[in-house]
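Here is a walk through one protein model, written for someone who has the chain open on screen. Have a look at it first, then read on.

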Amino acid sequence: MRRSGRTTAGALLAAGVLLAAGATATAAAAVPVPGPAVHTAAASAAARQKAADFWTPERMRSAAPLDLPGLAPGAPRPQAKAGAKATEVAPTSPSLRVKSYPQAGGPWTSGGAIAHTSGRVFFTFQGRTASCSGDAVTSKNASTVITAGHCVKYQGSWHTDWVFVPGYHDGQAPYGKWTAAKTLSTPQWTASEDINFDVGAAVVGSLDGKRLADTVGAQGLEFNGDYNKPMYSFGFPAASPYDGTKLIHCSGPSSKDFLFSKDHSLGCNMTGGSSGGPWFTSFDEATGTGLQASVNSFGYVFLPNTMFGPYFGDDAKNLYEQAQTT
């Protein structure tokens, strides 16, 4: 692998995608970039219903993690303010509980908000059904999901039939299937699939007259935070040894990638399908709430059991601001 520019095929293993030579591992040049790209996924209520109906329990169970051949989730939560540094939800517990810290990868059994704000993402990519993970976040429209960039657009194609299933469990959608009206990604990911900006979002339509956050709650976010701090990661890995049926989590001290990206890294054995699942700082195991500061993005083939997630800086914040007002 070259130390800058485009990676060679097989060098980066997305949390569900083996990134090919088209994915860049270094930051784009310091030149002005356009705002987040917005794609109309399903403009009408009828189109959204059609997409939701497409995802039968059988299709959800059989959807493959986004792993391309040939390439080496209750009660409403308070709305948060968008600040210069972080978007925060008022804490509901004065201290962190550390029942499962550190954790290299295991089922989440403690319940709390994360059990219904997180969920699986399903979509059609180049004619086949696929899956990722995502999380409902606080937003002005109460309808915003944060995921990975490659979970909304990959190899020049915006995914279709895009739905978010919070609280997913073994083919079941206990809180409904929320279809994207719009999907968005950072300009750097949209233009060149720069791994440093592998962040995506979706604005979902209402369901039975209710908005997403009013139904499952929502998590706060942090932008421009620090590296090297305790983090929790969640997702629905569907590649062996996991099967996509349940929420899995990892936790431990995070660090900054010392190789080819500016991402966070975390010891974690989650596999394909976990892409787009949320990373939290200030996570309280007792309530299942925290500040989302990244998403599952990729792993290096030569560095097993380590997950990497993009740094939520100004570009991720701009994406969030665009999504919550779309």
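## A serine and its polar partners

A polar atom in the side chain of S133 sits 2.8 Å from the backbone oxygen of G273. That same side chain also reaches the backbone nitrogen of F236, at 2.9 Å. Both are polar contacts, meaning a pair of N or O atoms within 3.5 Å; within protein, one must be able to donate a hydrogen and the other to accept it, and residues adjacent in sequence count only if both atoms are side-chain atoms.

Before going further, some ground rules: this is a predicted model, where local features need pLDDT of at least 70 and side-chain atom pairs count only at pLDDT 80 or more, while totals for chains, interfaces and linings use all residues. Residues are numbered from 1 along each chain as its sequence is written, and side-chain values use heavy atoms, with hydrogens and water left out.

Back to S133, which belongs to strand 9 (residues 128-137). Helices (H or I, at least four residues) and strands (E, at least two) are DSSP runs, numbered from the N terminus. S133 is buried, with a relative accessibility of 1%; the cut-offs are under 20% relative accessible area for buried, over 50% for exposed, and partly exposed in between (1.4 Å probe, protein chains only). Setting aside neighbours within four places in sequence, the contacts of S133 (heavy atoms within 4.5 Å) include G119, R120, V121, T147 and G235, as well as S274, S275, G276 and G277.

## How far to trust it

The mean pLDDT of the protein is 84, and 80% of its residues reach 70 or more; pLDDT is the predictor's confidence in each residue, from 0 to 100. Residues 16-30 are below 50, and this stretch has 67 contacts in the model beyond near neighbours in sequence. Residues 68-98 also stay under 50, with 91 contacts beyond four places in sequence.

## Strand 15, covered on both sides

Strand 15 (residues 200-204) is mostly covered, with five of its five residues buried. In a regular strand the side chains alternate between the two faces of the sheet. Here G200, A202 and V204 point one way and A201 and V203 the other way, and all are buried.

What does strand 15 pair with? Strand 10 (residues 144-147) runs antiparallel to strand 15 and pairs with it over four bridges, and strand 14 (residues 178-185) is also antiparallel to strand 15, joined by five bridges. Two strands count as paired if DSSP finds at least two bridges between them. To find your place, I146 stands opposite A201, and S185 stands opposite G200.

## Salt bridges

How many salt bridges does a search of the whole structure find? The search turns up three, a salt bridge being a side-chain nitrogen of Lys or Arg within 4 Å of a carboxyl oxygen of Asp or Glu.

| Pair | N to O distance | Burial |
|---|---|---|
| R61 and D170 | 3.6 Å | R61 partly exposed (41%), D170 partly exposed (35%) |
| R211 and D214 | 2.9 Å | R211 partly exposed (37%), D214 partly exposed (34%) |
| K229 and E222 | 2.5 Å | both buried |

## Backbone oddities

Check the backbone at a few spots too. S240 and P241 are joined by a cis peptide bond, with omega at about 10°. P241 is in the loop between strand 17 (230-235) and strand 18 (248-253).

N224 isn't a glycine, yet its phi is positive, near 55°. You'll find N224 in the loop between strand 16 (220-222) and strand 17, partly exposed at a relative accessible area of 26%. S282 is another non-glycine with positive phi, about 50°, but S282 lies in strand 21 (residues 278-284). S282 is partly exposed as well, with a relative accessible area of 47%.

## A long reach in sequence

Finally, try Y101, in the loop between strand 6 (86-88) and strand 7 (103-107). Y101 and C250 are 149 residues apart in sequence, but their C-alpha atoms are 8.2 Å apart in space. Leaving out neighbours within four places in sequence, Y101 is in contact with P230, M231, Y232, S251, G252, P253 and E285. Y101 is partly exposed, with a relative accessible area of 27%.
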